[in-house]
Amino acid sequence: MGDSIKCRNNQSSDNSPETSHCFSGFFSVFTQIPKGIFAISLFGLFLGMSTTMVYSQLSLFLKNDLGLTVSQIANLDGIVESVAFITRIFSGPISDFFRERKLLLMIGCVVTLGARSFLPIVQGFFGAFGAQFFERIGNGLQATPRDALIADLTPRHLRCRTFGFTRSVKTIGGLLGGVIAVTLMGYFSGNFRTIFQLAIVPIVLAAICLTFVKTKKIGATKEELQRENPFKRKYLRSLDFPFWKLMILAMVFQLGHFTEHLFPIYMEQFVNVRVASTVGTIVNLGQICLAFTIGVLADRFGKGRFIRACIALMIVSNLLFILAPYLPQTLSVALTWFGDDFVLNFAACSVYLGAFLWGGQLAAVEGLFISIISEQVVFRLRATAIGIYSLLLGIGYWMASNLGGTIWEFMGAAYTFYYSLFFCCCSFILSFILLPRKYNCSQVY
């Protein structure tokens, strides 16, 4: 009881060793992250802000200003996204061969800046295609070397939280970009080209942040820092059977991740269009809240355990989507501070919670896989291995989205979630076979 009274006493509490230890333990979660990671995170924040400012308005711009058809817009998006993933598989080996992560990031940033500068003046399909083509090349040049650089700069026992932290900060940038774009669209009376011009500013800020990144490799030996051909047989051996088992698990799990753009369409059957359009924000909110949290816990209790935890969250997410139509829709709660038409019910809340968990596990599990890859593969092939992983994710996402959309159209939304649930259950079972045992316990190094 004396301890309780002491804790309630402000003066005593300030001097309490236990209290000081609690606060220092809380802040150490952040202070242990290398300083360069904060600069990389801000780099991602500003790039995410610029990307969302453009992409949140791009389809309307292509349709209303340039007069493109829906099929032309879909084909353009599909082609340029495939270019981004193809570029990633090349940027990884280039980064490993020349031992230059930061330089590739800067080149990618310059290419993105040039493409974004051209977008406000494009006319017609081919102009838009050219701008987006080079913008996606810039994105592909950045993605794999960035993840490899994060792994280079971070001690292995902190990598999960670091990847979660950078993903959360990047998502915050995307949310800010969406809010800024909507605000500017109102201020400039729907002038898309002006918004695209202003989206150049965050890219310049991102490039400035990149100059503060020091590229000292944490945990690398003197021999590893010397430039050498990484594709010698002695290094390629690290891309062995355990690595490919991990890739099989990642691919199977990714086959359950169809596009989140279908969530608002699903939400429309429970609420009005205004409320349904907010589901994407909930997905992003899940990424912000859970990615870093899961990363911290995974560093402490084991990466393998939390890969399974993410799969379990995905299973729960699908169940919430499936159960939503069977929940009461008559007991509604009006959120009057958003307006009288912003009405939620139990079914909508189930979809919201499912979207939150979907976004959280999606952001966290990628960092967990990359963290394990960076430990399994030799230092010289780290970016190459991450590039292979990214390519498989892109293929899996494309397959899942196409198959999920087809099932949705011909069989109904519920069967799409059943499809996702099937692959989640398969990946959960396979995780006990394909994950190395050493990643199932506390990470002590």
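Of the 445 residues of the protein, 53% count as buried. The model is a predicted one. Its secondary structure consists of 20 helices and two strands. Among contacts with a separation of 6 or more, 84% join residues that are 24 or more positions apart. The accessible surface of the protein is about 20,700 Å², and carbon and sulfur atoms contribute 68% of that area.

Two helix pairs show how the helices pack. One pair is helix 6, residues 101-118, and helix 7, residues 124-153. Their axes lie 8 Å apart and meet at an angle of about 160°. Angles over 145 degrees count as roughly antiparallel, and helix 6 and helix 7 are therefore roughly antiparallel to each other. Their crossing is left-handed. The residues that form the contact of helix 6 with helix 7 comprise 13 nonpolar, six polar and five charged.

The other pair is helix 13, residues 241-254, and helix 20, residues 413-434. Here the angle is about 165°, with the axes 8 Å apart. That angle makes helix 13 roughly antiparallel to helix 20, and helix 13 passes helix 20 in a left-handed crossing. On the side of helix 13, the contact is made by Lys245, Leu246, Ile248, Leu249, Val252 and Phe253. Helix 20 contributes Phe423, Cys424, Cys426, Ser427, Leu430, Ser431, Ile433 and Leu434. Sorted by class, the contact of helix 13 with helix 20 has eleven nonpolar, two polar and one charged residues. Lys counts as charged and Ser as polar, so the charged residue is Lys245 and the polar ones are Ser427 and Ser431.

Helix 6 appears again in the surroundings of helix 10, which spans residues 200-210. The buried residues of helix 10 are Ile200, Pro202, Ile203, Ala206, Ala207, Cys209 and Leu210. Among the elements that cover these buried residues are helix 4 (35-65), helix 6 (101-118) and helix 9 (192-198).

A last position to look at is Asp77, in helix 5, which runs over residues 70-98. Buried residues have under 20% relative accessible area and exposed ones over 50%; Asp77, at 36% relative accessibility, therefore counts as partly exposed. Asp77 and Ser59 are 18 residues apart along the chain, and their C-alpha atoms are separated by 9.5 Å.

Key. Residues numbered from 1 in each chain as written. Predicted model: local features only at pLDDT ≥ 70, side-chain atom pairs only at ≥ 80, totals over all residues. Heavy atoms only, no water. Helix = DSSP H or I, 4+ residues; strand = E, 2+ residues; numbered from the N terminus. Buried < 20%, exposed > 50% of the residue type's maximum accessible area, 1.4 Å probe, protein only. Contact = heavy atoms within 4.5 Å. Areas by Shrake-Rupley, 256 points an atom, 1.4 Å probe, with all protein chains shown as cover. Axes fitted to C-alpha atoms, helices over the stretch in contact; angles between N-to-C directions. Parallel < 35°, antiparallel > 145°, perpendicular 65-115°, else oblique. Left-handed = near helix turned anticlockwise from the far one by under 90°.
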